[in-house]
Amino acid sequence: MKVIYTDVLVIGGGLAGLRIAIGARRRGHDALILSLVPAKRSHSKAAQGGMQASLGNVIKGQGDNEDVHFEDTVRGSDWGADQQVVRMFVNTAPKAVRELAAWGVPWSRVRKGDRTVIINGQKVTITERDEAHGLISQRDFGGTKKWRTCHVSDGTGHAMLQAVADQAIASGVPVHERTEALALIHDGSRCYGAVVRDLITGELTAYVAKATAIATGGAGRLYRVTTNAVICEGIGAALALETGVAALGNMEAVQFHPTGIFPAGILVTEGCRGDGGLLRDASGHRFMPDYEPEKKELASRDVVSRRMEEHIRKGNGAKSRFGEHLWLDITLLGEKHVKTQLREVYEICQSFLGTDPTRDFIAVRPAQHYTMGGVRTKPTGESPTLRGLFAAGEAACWDMHGFNRLGGNSVAETVVAGMIVGEFIADFIESPKGEIDIPMALVREAVEAERARLDALLGGAGTERADALKIEMQQIMTDKVGIFRTGADLEEAVHRLQGLLVRSRSIGLRNHVDGPNPELVTAYRTQKMLKVALCIATGALTRTESRGAHFREDFPQRDDAHWLKRTLATWKDPSDTLPCLAYEPLDVLSMELPPGWRGYGAKNYVDHPDTARRAEELEQLRERLQGADRHKVQAEIMPYEHLLPARFRGRNERIDEKLP
Amino acid sequence: MSDPAANPAAAAAATAAAGPPRKLRFHVLRHDPRDPHSVPHTEVFEIEEAAGMTLFIALNEIRENLDASLAFDFVCRAGICGSCGMVVNGRPGLACRTLTQDLPQDITLAPLPAFELIADLSVNTGKWMRGMSERLETWVHSLENDPDLRRIEAPMDPELADRIYELDRCIECGCCVAACGTARMREDFVGAVGLNKIARFALDPRDARTDADFYELVGNDDGVFGCMTLLGCHDVCPKNLPLQTQIAFLRRRMAREGAG
C-alpha cells in the first residue's frame, strides 16, 4: 500500500484550496493539494464580473463600508445566512483584495475626472475623485446598494487564480494534478485523510494528514443546463456525506444565474447588467421594470431568474428551435466599453454564437449556477461532527450565502475563506487536537474498500450504463428541482432519483482498463452524485416555504415562524436510498439584522415570533448608543471579531475613513 | 438597434435546418503509451452534425455513443481554462470553441505535440506549465514582504493595469508551444508562454526584479534567443496575445542587457 504523509491535505486546487495551502505553508506546515486538473484550470477561473469588497473608491461606491456589504449580503441570503460569518467575511474581503493586489492581480483602476456610464438605460456623466485615481475600481452588481464589485475587466477569476496559483508555486506547495479523492479515511469521529486515485495510472494511494480540507467547488453538473465546468460534480460534498458523520447544509439552496447563453448555458457575467445592460423579451420590450420597479435588472439573481421565467411563461419568450429564451442587450454600452470591460463576453459571443454583442442581442435564459449549500462547518471551517475535516468555498456551508448568494460574493468568499480557514487549520495542527496516532489498519481497510468498489465496477456483471443514469439524473434535476418547484414534482424527482441510485449499484462498463478510463470515472462519480442530488431534492420537498433561490409554487411565502432554520443532511448507511434530514434553528435574538423585506422581490413572509422583540431591542440599543462610532455600535449588537484569526482583525482604511 | 431576427446564429441555425445535416468524419489519433500493446493509429468516427455543434459536443457524443474509452480533456467548455488544446486539421487550437460548421466534413484530431501524452487527445500540459513557472519564477517578487492589508492599496496607473492584464490573459493552453519550431528542437525552450510571462512581470512595477534578473532566466537559447521568429505562436494563440511584439521587445531588452 502506497502512503503519502502531509500536515494538510487539501482536496481541490481552485482559489479556496490554494489559499488554504498557502496559509498553512506560511505558518510552517506542509500542505499538499489534490486536483482533478491543473490548478489554473479550476472553475474559479470562470468568475468573470468581479469580487465584492467595500473599498468605496469609485464615486458610486462612496459611503460603502462593511455595514452596507453586511446588510446587502444578509438580505440577499433571504435571512438564511449565519450573520456572524457574514460579518467575518465582509471585514476580510477588503484585505483579500489588497493582498491580491500585492500578489500582482492587475485590478482595473479608477481614472480621475468625468466618465460616461449607463444607469437605468440612460447615459450619465459621473466624476471620479482625484484622490481615487489609480486605486482599485468597482462596478455595480445585483442586490447591492453601492458599486462594490472589484474586477479585472471581466476576467477577474482568471487573473485571481493565475496570481494565487503562482503564489502557491512560489510557496512550494505541491499540486498532485489529475488525482481524485474517492473516500475520506475516518473512524467516525476523526478524519485522517483520503484514499486517492491517480487518474492517469489508476493507482490508489492513501494520503494521510493531520487536517483534511474539502475545497472542491459546487455541484452544477447535477443539472442538465448549468454554467459550471464539467468538473463541478459535487464530489467533495459526496465525500463528506459518505462518511455518515459529516453533514451537508442547505443543499436545496441552488442558484440559477439569469444570463446563461441559450441553449449551451455558458455564463455571461452579471457585469453586463451592472454596467447598464438590459433584459428584453421577444418584442424587444424591457420587461424587468414592470416586475421590479426599484432594482429592475439588478435585483438579486434568484428574483431576476424567477421574473424571467415568469415572463416566458406569459408567452413573451423569443422562440428558437431549442426552445424559448430572452435577450440580453449590451449594445447600448458602446463598442469601446464592451471590448475593454466585457471582453470575455465579447469573445464568447463571437466564438460560440458567431454574433457581435456590440450590435446583436445575446440569447439568454437562467441556468444552474451556484451551490449555496455544502459541507456544514463552524465559522473556523471545521466540521462540527468530524474532527480534522475542514471545508471552504463553494463546497462548504459555513454559511454566508443562506438561500441566495449575491453576484461577486462567491469569488470573494473563495479567497476570504481560504485566508481564514487556512489560519484555523494551522491553529488546529499546532494544538493537541491536531495530533494524530495513525491507525494504519483503518487506512489499509479504507484503501481495500475502494479497491473492491473499483474492481466490482471494472470486472463485475453490472448492466446499467453510467452515462445514461447520469443524463437521466441531470434531466430530472433540471425539470423537477429547478427555479419553480412544487410538491408533486419534487416527490416524483425523489422517487425517480432513488430508482436511479439503486440502479447505479449495478453499473457495468464496456471499457475495463484501470488507467485513463473516462467511463470508470463517470461510473463511480454518478453513484456519488445521485446521493447529493437526493439531498437537494428531499431538502426541497421537505421545506414547505419559499426562501431565496428555493421557490415553492405551492408554498410561495417565506415562513420564518417554521422555517428559519438550516437543513442538515447526513447519509447514515451506504445501503440507504435517502438522506436523514435534521434542522438547525437560526437565533433571531442574536441577529444584527432581524428578518424583514429584502427591498426587492415579493413582499410575502410570515414573521418569526422573536422578530418584533429583537427589532425593539435593537432600536433601544441604537438609541442608547446614538452618536457612537459605527464599529462600537456593531460590536454591541453582535460581536464577531473574536471569531476571526488575529492577523485578519482590524478596520479597513478608505479614502473617507483614514486609519491613524 | 439590433433586430433579433437578423441574428446571424439564428440565421445559421435556420440554414442548417433547411438541408439534411452533414455526416462528419472524425479521424482521431489514438494511443495509450502505458499499454505495451498500443500502437499509435487513426480511428474514424462518424456522427451527424447538429446546429451550433462544437468539438466539445462532438467528442462527448462520440464517447457516449461510439467509444467509451476515448480520452480527451475539457473543463470550462467556454474557452477560458485552456484544457482542451489539440491539433485540429493541422492547427493547434481550443476544441471547446471550435464550431464544426467552420470545418470541412473530414476532421482530423491529434494531441498537442511537445507535451507528454497521457492517452489519445489528452496531454500533460499542466506538468509542463508548472515546470516552466518554477524555472521562470512566474510570480511577483515583492519589494514588501508582508504588506499591511488594512491600509489603502498602492495606486497604479489605470492604463498600466490594463496593459498588464492584456499579457495576463494567457491561459497556458500550450497551443503556442505546439506551434513552435524551436520547441520541437529544444526540449527546454520556455516557449512564447514563458516569454510572455517574463514580459508581463517586467512590466509590473510591483515586481522588484530588474532586467539583469530576467536575463538570468531567459537570456539564452532556451529563452528569448532560441526564438527563430517563425511566430507560429502568434498565429495560433486563442487569446490573440501580442506575442510577436512582446518577444521582439524582450529580445531587444535582453540583448542590451547581455551587451551591457
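This passage walks through the overall build of chain A, two of the spaces in the structure, and a handful of individual residues in a predicted model.

Chain A is a good place to begin. Its fold contains 18 helices and 24 strands. The radius of gyration of chain A comes to 24 Å, close to the 26 Å expected from the globule rule for 660 residues, so the chain is as compact as a globular protein of that length. Measured out along the principal axes, the C-alpha trace of chain A spans about 70 × 60 × 50 Å. Of the 660 residues in the chain, 67% count as buried. Contacts in chain A also reach across the sequence: among those with a separation of 6 or more, 74% join residues 24 or more positions apart. The exposed area of chain A is about 20600 Å², and carbon and sulfur atoms supply 50% of this area.

Open space comes next, and a pocket is a helpful starting point. The second largest pocket has a volume of about 770 Å³. Its lining is made up of 30 residues, and those closest to the centre are Arg115(A), Thr116(A), Val117(A), His337(A) and Gln341(A). Two or more lining residues come from each of strand E4 (113-119), strand E5 (122-128), strand E6 (138-139) and helix H9 (335-341) of chain A. Strand E4(A) makes the largest contribution to this pocket, with six residues. In character, the lining of the second largest pocket divides into twelve charged, twelve polar and six nonpolar residues.

Enclosed space can be considered in a similar way. Rolling a probe the size of a water molecule over the atoms shows where empty space is left. Across the whole structure, the search finds eleven cavities of 30 Å³ or more. The second largest cavity has a volume of about 170 Å³. Residues of both chains are found in its lining of 16, and nearest the centre are Ala39(A), Lys40(A), Ile169(A), Glu177(A) and Arg130(B). Helix H4 (156-170) and strand E8 (175-177) of chain A, along with helix H3 (125-136) of chain B, each give two or more residues to this lining. Helix H3(B) gives the most, with five residues. The lining of the second largest cavity consists of eight nonpolar, five charged and three polar residues.

Three individual residues show how local surroundings can be described. Leu593(A) sits in the loop between strand E23 (580-585) and strand E24 (605-606) of chain A. With a relative accessible area of 11%, below the 20% cut-off, Leu593(A) is buried. Apart from its neighbours within four places in sequence, Leu593(A) is in contact with Phe70(A), Glu71(A), Val74(A), Arg75(A), Trp79(A) and Gln83(A). Val364(A), by comparison, is 229 residues away from Leu593(A) in sequence, with 35 Å between the two C-alpha atoms.

In chain B, Arg200(B) belongs to helix H7 (residues 191-203). This arginine is buried, at 4% relative accessibility. Once residues up to four places away in sequence are set aside, Arg200(B) touches Gly104(A) and Pro106(A) in chain A, and Ile164(B), Leu167(B), Asp168(B) and Arg206(B) in chain B. Leu230(B) lies in the loop between helix H8 (211-218) and helix H9 (232-236) of chain B. Leu230(B) is exposed, with a relative accessible area of 59%. Its C-alpha atom is 9.4 Å from that of Ala179(B), a residue 51 positions away along the chain.

Some details of the backbone in chain A also deserve a look. Most residues other than glycine have a negative phi, and most peptide bonds are trans. The bond from Phe262(A) to Pro263(A) is cis, with omega near 0 degrees. Pro263(A) is part of the loop between strand E13 (254-261) and helix H6 (271-274). A cis bond also links Trp398(A) to Asp399(A), with omega near 5 degrees. Asp399(A) is located in the loop between strand E20 (396-397) and helix H11 (410-430).

Positive phi values occur at Ser153(A), near 45 degrees, and at Arg178(A), near 55 degrees. Ser153(A) lies in the loop between strand E7 (149-150) and H4, and is buried at 3% relative accessibility. Arg178(A) falls between E8 and strand E9 (179-186), and is buried at 11%.

Conventions
Residues numbered from 1 in each chain as written. Chains lettered and ligands numbered in written order. Predicted model: local features only at pLDDT ≥ 70, side-chain atom pairs only at ≥ 80, totals over all residues. Heavy atoms only, no water. 1 Å grid on protein atoms, 1.4 Å probe; cavity = no way out; pocket = protein on both sides within 12 Å on 5 of 7 lines; lining within 4 Å. Points joined across faces, edges and corners; volume = space filled by probe spheres on them. Helix = DSSP H or I, 4+ residues; strand = E, 2+ residues; numbered from the N terminus. Nonpolar A, V, L, I, M, F, W, Y, C, P; charged D, E, K, R; others polar. Rg over C-alpha atoms; globule rule 2.2 N^0.38 Å. Buried < 20%, exposed > 50% of the residue type's maximum accessible area, 1.4 Å probe, protein only. Contact = heavy atoms within 4.5 Å. Areas by Shrake-Rupley, 256 points an atom, 1.4 Å probe, with all protein chains shown as cover.
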